[in-house]
Amino acid sequence: DDALLRVSGLRVEYATANGPVPAVAGVDLTLAKGEFLGVVGESGCGKSTMLFGIAQLLNPPASVTAGEVWFKGENLVAMTAKSLNTLRWRDFSVVMQSAMNALNPVHSIGRQFKDAIKAHAKWSDTQVRARSAEVLELVGIDPVHLKSYPHQLSGGMRQRAMIAMALLFTPDLIVMDEPTSALDVVAQRSLMAQIKELQKQLGFAVIFVTHDMSLVSHFSDRLMVMYAGQVVELGRTRSVFDAPAHPYSKGLLDAFPSIRGEKKRLTGIPGAPPNLAKPPSGCRFHPRCPVAMDRCKADVPELYTVGAAQARCLLHEPAPVSVEVES
Ligand code: SF4
Ligand code: MG
């Protein structure tokens, strides 16, 4: 069994004055060791919330209300905050959208690395310095910057410093929430290439959340497409790109310029994601779906098997098994 992570029935709700709003409505996922999974969808589809639900980083009013997250033999959902803290950084780490928010502005990079290490290991100052310099070099930053403060680094360097920090203990899993989205296109590409190179070299698994499907096209093994709090497609990245099984995935593919710079007309997806407090009946995508059928307003699609992938669309519903009646 080479599964690193098993998520089953994960549900995240936001408590509101009008009752709970499900932001993640039941996600199942198995991640293999060393696998790179891309999670894509428009903002508000629940992708970051799902990631935070997996990493147990949700704060009220959001919380995991159902499901399990098995990681290295433990259900993270059922763990105490104290036990979770021993796993975080050591066995799995998190890289956020903005390092400016995640890093402490009043401490040097070196001091923050040191605090993260000291919380988990009894290393001498010499060991701490050596490892801190080593991870900075891994991401292509001169170790003299251990003395630098976050504001003294460029946006790209700050994100790479965050990735270096995530690598301090060579974890098995790094979850990343849009870590390149604040950067310009050139810096985005180089950071993506660097993440991929590190992953190949060190063998950690990645869950990478982004709203830009083209960004992960070259780097992820599999893609998960989310819409309105649900997985609508899950499959090998290549097959989702070449033959998207869900109309929403197809729309997303047409909504971004290719990272390879191919010219294509960007059409986008008309309309906006639904209010999760009151999702549309039937298929949640039906009000925006260009190929919706009458029955899509009433019938709720499941995740159906489509070749090696899965898609939540009635177009892929298996035909009913016909029963032959003997006369
Ligand atoms: Fe479109 Fe119907 Fe498929 Fe939903 S179930 S994606 S509305 S065709
Ligand atoms: Mg987000």
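1. A residue is taken to be near a molecule if its C-beta atom, placed from the backbone, lies within 6 Å of it. In this predicted model, 13 residues surround ligand 1, and the closest are Cys283, Cys289, Cys296, Cys313 and Leu314. By class, the shell around ligand 1 holds 12 nonpolar residues, 1 polar residue and no charged ones.

2. The chain is assigned two stretches as domain 1 (3–91 + 172–271), with domain 2 covering 107–168. The C-alpha centres of domain 1 and domain 2 are 26 Å apart. Contact between them involves 13 residues of domain 1 and 12 residues of domain 2. On the domain 1 side, helix H7 (residues 185–202) contributes the most, with 5 residues. That side comprises 9 nonpolar, 3 polar and 1 charged residues.

3. Helix H4 (residues 109–118) has Ile109, Gln112, Phe113, Lys114, Ala116 and Ile117 buried. These buried residues of H4 pack against helix H5 (125–138) and helix H6 (155–166).

4. An open sheet of 8 strands, with mixed pairing, follows the order E6-E7-E8-E3-E9-E10-E12-E11. Strand E6 (92–95) and strand E11 (304–306) are at the edges, and each has a single partner strand, so one side of each lacks a neighbour in the sheet. On average, neighbouring strands of this sheet are turned by 20° against each other, direction ignored.

5. Strand E9 (residues 222–227) and strand E10 (residues 230–236) run antiparallel and are joined by 6 bridges. Arg222 stands opposite Arg236 in E10. Helix H1 (residues 47–55) packs on the sheet and touches strand E3 (36–40), E6, strand E7 (173–177), strand E8 (205–210) and E9. The direction of H1 makes about 150° with that of E7.

Notes:
Residues are numbered from 1 along each chain as its sequence is written. Chains are lettered from A and ligands numbered from 1 in the order in which they are written. This is a predicted model: local features need pLDDT of at least 70, side-chain atom pairs count only at pLDDT 80 or more; totals for chains, interfaces and linings use all residues. Ala, Val, Leu, Ile, Met, Phe, Trp, Tyr, Cys and Pro count as nonpolar, Asp, Glu, Lys and Arg as charged, and the others, Gly among them, as polar. Domain bounds come from an automatic or database domain assignment. Two residues are in contact if their C-beta atoms, placed from the backbone, lie within 7 Å. Helices (H or I, at least four residues) and strands (E, at least two) are DSSP runs, numbered from the N terminus. A residue is buried if 20 or more other C-beta atoms lie within 10 Å of its own, exposed if 12 or fewer, and partly exposed in between; C-beta atoms are placed from the backbone. Two strands pair if DSSP finds at least two bridges between them. Axes are lines fitted to C-alpha atoms, for helices over the stretch in contact, and angles run from 0 to 180 degrees between N-to-C directions.
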